[in-house]
Amino acid sequence: MSIKNESNKMVNGFPCKANVSADDFSFAGLANPGATNNTFKSKVTGANVQNIPGLNTLGVSMARIDYAPGGINPPHTHPRATEIVFVLEGELDVGFITTANVLISKTIKKGDVFAFPRGLVHFQKNNGKNPAAVIAGFNSQLPGTQSIATTLFGATPPVPDNVLTMAFQIGTKEVQKIKSRFAPKM
């Protein structure tokens, strides 16, 4: 971030502000647990360049992820970042799949750290009876997240049924049933 640039300049798609303050470098959004009363029983709260303008060009960001018992951060990738998580509370089953289709997984608990390499499909699941939470660090100001199921079954325009039936070796009815659960909310 350049403090001396004109306010109409953009770097990485985000404004370089002429006048900055401490507020451009702070965010209180990770202090409290996120609401987990949703389909996946989890909530990701990001602390990135979108809500901390001062992170522009610095190559770092964070997130807090909260999980109700049984909650999951479903299989996804971060195309622009490696992720490392630190368990604040609870216990999680975590893993990633290598490019050779090998699952690397482990159960992690309070105080443990686990890393997910850039671009690899990974997940976290709370199989415990108590809530769990992690702080995630990323080596990108905006890591991007691509949820595998939502990407394939909720795309607009939709991925053709015949592509998904062949890819997953399931019938058209099953594909349409899954798509109905991921249909974009209008």
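Where is the place of His 78 with respect to strand E5 and strand E6? In this predicted model, His 78 sits in the loop that runs between strand E5 (72-77) and strand E6 (83-89), whereas Glu 83 belongs to strand E6 itself.

Both residues fall under the UniProt annotation "binding site", which comes from an unreviewed entry and covers His 76, His 78, Glu 83 and His 122. Although these positions span 47 residues in sequence, no two of their C-alpha atoms are more than 11.7 Å apart, so they gather at one spot. From this set, His 76, His 78 and Glu 83 are part of the lining of the largest pocket.

With a relative accessible area of 4%, His 78 is classed as buried, because this value is under 20%. Setting aside residues up to four places away in sequence, the contacts of His 78 include the annotated residues Glu 83 and His 122, and they also take in Arg 118, Gly 119, Phe 138, Pro 143, Gly 144 and Thr 145.

Glu 83 is likewise buried, its relative accessible area being 1%. With the same exclusion of residues up to four places away in sequence, Glu 83 touches His 76, His 78 and His 122, each of which is also covered by the annotation; among its further contacts are Ile 65, Phe 114, Ala 115, Phe 116, Gln 124, Ala 136, Gly 137 and Phe 138. Between the two residues described here, the side chain of Glu 83 makes a polar contact with the side chain of His 78, at 3.0 Å.

Key: Residues are numbered from 1 along each chain as its sequence is written. This is a predicted model: local features need pLDDT of at least 70, side-chain atom pairs count only at pLDDT 80 or more; totals for chains, interfaces and linings use all residues. Side-chain values use heavy atoms; hydrogens and water are left out. UniProt positions are given in the numbering used here, feature names are shortened, and annotations may be inferred rather than shown by experiment. On a 1 Å grid over the protein atoms alone, a cavity is a set of points where a 1.4 Å probe fits but cannot get out, and a pocket is an open set with protein on both sides within 12 Å along at least five of seven lines; lining residues have an atom within 4 Å of a point. Helices (H or I, at least four residues) and strands (E, at least two) are DSSP runs, numbered from the N terminus. Buried means under 20% relative accessible area, exposed over 50%, partly exposed in between (1.4 Å probe, protein chains only). Contact means heavy atoms within 4.5 Å. A polar contact is a pair of N or O atoms within 3.5 Å; within protein, one must be able to donate a hydrogen and the other to accept it, and residues adjacent in sequence count only if both atoms are side-chain atoms.
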